[in-house]
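Today I sat down with a model to look up its charged side-chain pairs. Here are my notes, in the order I took them.

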Amino acid sequence: MSAPEPIAELIAGLTARVRPVDGECEKHGAATMLTREGLPWHCPACIELDKSHEFQKQAAAERHAHLHSIADIPSRYRGQRFISHCAEHKEVRAMVSAFRDFIVAEPRWAALILTGVPGTGKTQLACEFAESYINRLGRSVRYITAKSMIAEVQSSYNAEGKSERGEIERFVQYDLLILDEIDAISSKDNAALLLTEIVNRRYGENKPVIAITNQQLDPLRKFVGDRVHDRLMENSFICLFDWQSFRRAG
């Protein structure tokens, strides 16, 4: 059965306007490409390459969007920068850069410890680092307070389809874990054991952490326990935020 006359005429018209054209690409050599009349010849290999680059660009954008969503960075710190106003600020930035270079060179355990009184920019700098880690390297990050992390693991005890082991593994899998207020966990339940288990697992898997605390280093041991404290001191990059709160200064 032949196509209805209007459709046949349309097909004939399209065919008449498209013809095979020979051309040569400096990069890919000679090729034949179906080209509409009046339009220039384009290398088919270059077209496919452009499509591939566009696909990769789109895939990277989607991955970064996903990584930012799971990082759970507080909205007030997103897109914010820690501005260096003095030599002490620059020293802290230099230590953070050294930590970055250390963990990017190869997968290995390290701990960036940000210590100082509240309001000195510890969380802001950690979140800035997290966003850069995602955008430049495409690696996964999770920001969370130590207390909230313990609560998420403990919530699995009465939840169908969840387990303590599975929740612990979730916090081990991130390329970088930022534990804010690491000194503020409960002393009444198994919080210390869970913190120790997660830090030990990350230590064994060569997964670095950023620990944020208001405590000085020696008193911190009392809050996190001997084993966690010892892990944090190995390959440690210590930043002392030794200035008054920006909130008071403002």
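I began with Asp226 in this predicted model. Asp226 comes out as partly exposed, at a relative accessible area of 49%; the cut-off for exposed is over 50%, so the label holds. I then looked for its partner and found a salt bridge with Arg221, where the closest N and O atoms are 3.3 Å apart. Arg221 is partly exposed too, with 30% relative accessible area.

Next I asked how many salt bridges the whole structure holds. My search returned 11.

I moved on to Arg81, which pairs with Glu128 at 3.2 Å between the closest N and O atoms. Arg81 sits in the loop between α2 (44-71) and α3 (87-105), while Glu128 belongs to helix α4 (residues 122-137), so this salt bridge ties together parts 47 residues apart in sequence. Is each partner buried or exposed? I read Arg81 as exposed, at 51% relative accessible area, and Glu128 as buried, at 12%.

Then I checked Arg142 and found its salt bridge to Glu152, with the closest N and O atoms 3.1 Å apart. Arg142 is in strand β4 (residues 141-145) and Glu152 in helix α5 (residues 146-154), so the pair links parts 10 residues apart in sequence. Arg142 counts as buried, with a relative accessibility of 6%, whereas Glu152 is partly exposed at 25%.

One last look, at what else joins this pair. Arg142 and Glu152 belong to a network of salt bridges that also takes in Asp72, Glu167 and Arg170.

Terms used. Residues numbered from 1 in each chain as written. Predicted model: local features only at pLDDT ≥ 70, side-chain atom pairs only at ≥ 80, totals over all residues. Heavy atoms only, no water. Salt bridge = Lys/Arg side-chain N within 4 Å of Asp/Glu carboxyl O. Helix = DSSP H or I, 4+ residues; strand = E, 2+ residues; numbered from the N terminus. Buried < 20%, exposed > 50% of the residue type's maximum accessible area, 1.4 Å probe, protein only.
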